[in-house]
Amino acid sequence: MAQDRDIKYVNRDFGDFRGQLIEYAKNYFPDAYNDFSPTSPGMMFIEMAAYVGDVLSFYQDTQLQETYLQHAKNPANLYNLAYMMGYRPKITTPATVDIEVSHVVGATGGNPNWGQALSIPSNTRIKTTTSGQVNFFINKPIDFTFSSSYDQTQVGVETLSNAGQPITFRLTKTASAVSGEVKTVTETITSVEKFKTITIDDTNIIGVLSITQDNGATIWYEVPFLGQDTIFVDNTNTNPDAQIVPYSLTLQRVPRRFVTRFTSTGQLQIQFGAGITGQDDSIITPDPTNVGLGTSQGVNRISYAYDPSNFLSTKSYGLAPSNTTLTITYLVGGGVESNAPANSITSLVSTITDPTNSLTFNNPLAAIGGRDGDTVDELRENSLRAFNEQGRAVTLQDYTVRALSMDSKYGSIAKVYVTQDQLTNPNSSTDSIIDSNPLSLSIFTLAYDNNKNLTPATATLKNNLKTYLSEYMILTDALNIKDAFVINIGVNFDIIVKPNYIGKDVLLTCTNLLKDYFNITKWNINQPINLSSIYTLLDQVKGVQTVQKVEIVNNAGGIYSQYEYGIQGATRSNIVYPSYDPCIFEIKFPDTDIKGRITTI
């Protein structure tokens with residue numbers, strides 16, 4: 001009869017295995033073997049077994065370690081875990097820079113001849129004149145005839161006639177450029193294949209720009225994951241607010257879609273969907289109206305086991321390309337070497353017709369942001385951060401950041417304030433995603449006008465924001481989009497200047513400090529004004545002996561906001577508090593609304 005053995009499974013290293021094997025032999029084979037000296041043949045076999053156990057234990061620990069993001073060391077495992085956590089690893093990061101683009105046009109009636117203004121297409125290529133000649137490209141078109149607060153066309157007189165009349169004007173725009181070089185490959189696909197995957201073997205791949213077929217007539221769209229069947233599409237805005245909101249935002253369903261994924265070796269994998277059938281989806285997808293019906297023979301179908309692969313065969317994950325040739329355009333470059341110095345990106349690579357031969361490019365500031373791919377530690381930390389973010393709007397801060405992240409071509413949201421509104425009127429006329437939930441959130445917004453003064457968001461801008469946020473909101477959330485109130489203010493201050501200081505210079509310095517302090521880009525909705533901070537700021541100016549008075553006044557009506565506000569009643573302990581209704585304090589005309597005086601004791 002077999003004897004029960006006392007087997008222990010807690011041994012982890014060579015010494016533990018060796019000691020346990022010796023104890024095992026002494027307990028169960030005391031008469032068969034009792035020579036445990038280091039040179040005995042039996043100890044050789046015991047130590048060899050301990051060695052094998054130690055090696056197997058090591059590999060078991062290593063395999064378990066590779067399943068945890070915090071401890072994995074294999075790059076392939078780290079990349080797989082990063083994608084699982086929702087983070088897209090970076091192989092390389094391109095540098096970005098603002099490029100000043102200008103050219104000369106003639107004059108007509110003392111104004112620029114806008115008929116001669118150029119329209120530069122997207123993906124215009126330029127490069128540096130320094131060693132290495134790093135390539136950059138401007139990914140958005142430049143239209144010199146269009147001007148708004150977000151895309152201004154600066155006009156300056158280039159030459160004058162003897163009578164002092166303008167002969168030519170120089171038009172200047174600022175555009176964003178990205179380091180990189182555009183490459184194209186073609187892939188011929190014959191037979192259809194579920195989740196077809198294409199691998200691009202290149203170095204320093206930044207990402208895919210486009211995938212087309214049929215000579216560009218058919219476009220494939222990149223999505224974060226194949227289960228997402230909608231993308232944002234921009235259309236030219238034809239409403240009266242087109243100068244402020246160039247494009248309107250809509251959602252479009254895209255059956256032809258793909259996802260991209262980097263490997264640890266730097267290759268880029270492109271994966272398409274699994275839609276391979278040419279018939280209607282309802283034929284192969286269970287229909288809730290007939291799933292429970294019985295057959296004519298009386299066989300009940302409620303417990304029928306539907307094949308889950310049927311769902312993968314539908315177009316719910318996008319189409320799979322077949323019998324076609326795909327043209328894949330992608331971008332390579334980036335890295336630390338792409339950080340070009342100032343005034344070095346001046347050479348045009350693309351061919352652009354310029355009748356006056358006056359088109360120039362220049363970067364007043366250095367190109368920055370270029371860096372190599374993620375390190376192991378960065379990959380871990382970024383993956384953990386991405387998992388917490390989840391790409392969804394959950395907290396109030398999520399809504400604020402997401403609203404401010406909308407592309408400026410859809411209209412830029414300047415200020416955002418999100419709060420829970422328990423007094424929502426279901427009959428409200430404001431633009432809303434869901435306007436009948438009394439416990440909904442309210443998002444108060446403001447935009448900039450052409451002079452960078454705060455103004456209520458236009459109807460198109462609100463509609464774009466509504467469309468944009470709807471892709472990130474939780475299904476059960478409700479959100480009302482409203483206008484915040486703008487309270488225009490002025491600042492009056494009195495200072496005493498120290499002896500031996502020029503009063504007007506000290507006063508000018510104080511005024512400039514206050515202009516910077518009240519710069520509207522630094523202020524948020526419902527932010528109070530701390531008068532003590534202003535006193536401290538002015539006290540630190542060289543030449544100021546004493547700040548005698550700082551007064552906040554309300555400017556309302558006429559060229560200012562229509563809303564009046566009782567500044568004195570809202571001031572407590574040297575702090576001017578905002579109203580219960582979300583509002584923001586703005587100095588609309590800093591040159592005239594900030595007034596300082598020099599007084600004496």
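How are H9 and H10 oriented to each other? The legends below take this up in the first view and then visit other parts of the model, which is a predicted one.

**View 1. Helix H9 packs against helix H10.**
Two packed helices are described by the angle between their axes and the distance between the axes. Here, helix H9 covers residues 503–517 and helix H10 covers residues 531–539. Their axes lie 10 Å apart and make an angle of about 140°. H9 and H10 are therefore oblique to each other, since roughly antiparallel would need an angle over 145 degrees. The crossing of the two helices is right-handed. From H9, the contact draws on Cys 510, Leu 513, Leu 514 and Tyr 517; from H10, it draws on Ser 533, Ile 534, Leu 537 and Leu 538. Sorted by class, the contact of H9 with H10 has seven nonpolar residues and one polar residue, with no charged ones.

**View 2. Two cysteines, Cys 510 and Cys 583.**
You have already met Cys 510 as one of the H9 residues in the contact with H10. Its relative accessibility is 0%, so Cys 510 counts as buried. Cys 583 is buried because its relative accessibility is 1%. As for disulfides, the structure holds zero of them.

**View 3. Helix H1 crosses helix H2.**
Helix H1 runs over residues 14–28, and helix H2 over residues 41–65. The two pack with their axes 8 Å apart, at an angle of about 135°. H1 and H2 are therefore oblique to each other, and H1 passes H2 in a right-handed crossing. On the H1 side, look for Phe 14, Phe 17, Arg 18, Leu 21 and Ile 22. On the H2 side, the contact residues include Met 43, Ile 46, Glu 47, Ala 49 and Ala 50, and also Tyr 51, Gly 53, Asp 54 and Ser 57. This contact of H1 with H2 brings together nine nonpolar, two polar and three charged residues.

**View 4. Tyr 33 in the loop between H1 and H2.**
Is Tyr 33 buried, partly exposed or exposed? Tyr 33 counts as partly exposed because its relative accessibility is 26%. Leaving aside neighbours within four places in sequence, Tyr 33 is in contact with Ser 40, Pro 41, Gly 42 and Met 43. Met 43 is also one of the H2 residues in the contact with H1.

**View 5. Lys 196 in the loop between strands E10 and E11.**
Strand E10 spans 181–189, while strand E11 spans 197–200. With a relative accessible area of 18%, Lys 196 is buried, the limit for that word being under 20%. Which residues does Lys 196 touch, not counting those up to four places away in sequence? They are Ile 189, Ile 270, Gln 271, Phe 272 and Gly 273.

**View 6. Asn 204 and Asn 357, each with a positive phi.**
Asn 204 sits in the loop between strand E11 and strand E12, the latter covering 205–213. Its phi is positive, about 55°, although Asn 204 is not a glycine. The relative accessible area of Asn 204 is 36%, so this residue is partly exposed. Asn 357 belongs to the loop between strand E19 (345–348) and strand E20 (360–362). Asn 357 is not a glycine either, yet its phi is positive at about 50°. At 70% relative accessibility, Asn 357 counts as exposed.

How values were computed:
Residues numbered from 1 in each chain as written. Predicted model: local features only at pLDDT ≥ 70, side-chain atom pairs only at ≥ 80, totals over all residues. Heavy atoms only, no water. Disulfide = S-S within 2.5 Å. Buried < 20%, exposed > 50% of the residue type's maximum accessible area, 1.4 Å probe, protein only. Axes fitted to C-alpha atoms, helices over the stretch in contact; angles between N-to-C directions. Helix = DSSP H or I, 4+ residues; strand = E, 2+ residues; numbered from the N terminus. Parallel < 35°, antiparallel > 145°, perpendicular 65-115°, else oblique. Left-handed = near helix turned anticlockwise from the far one by under 90°. Contact = heavy atoms within 4.5 Å. Nonpolar A, V, L, I, M, F, W, Y, C, P; charged D, E, K, R; others polar.
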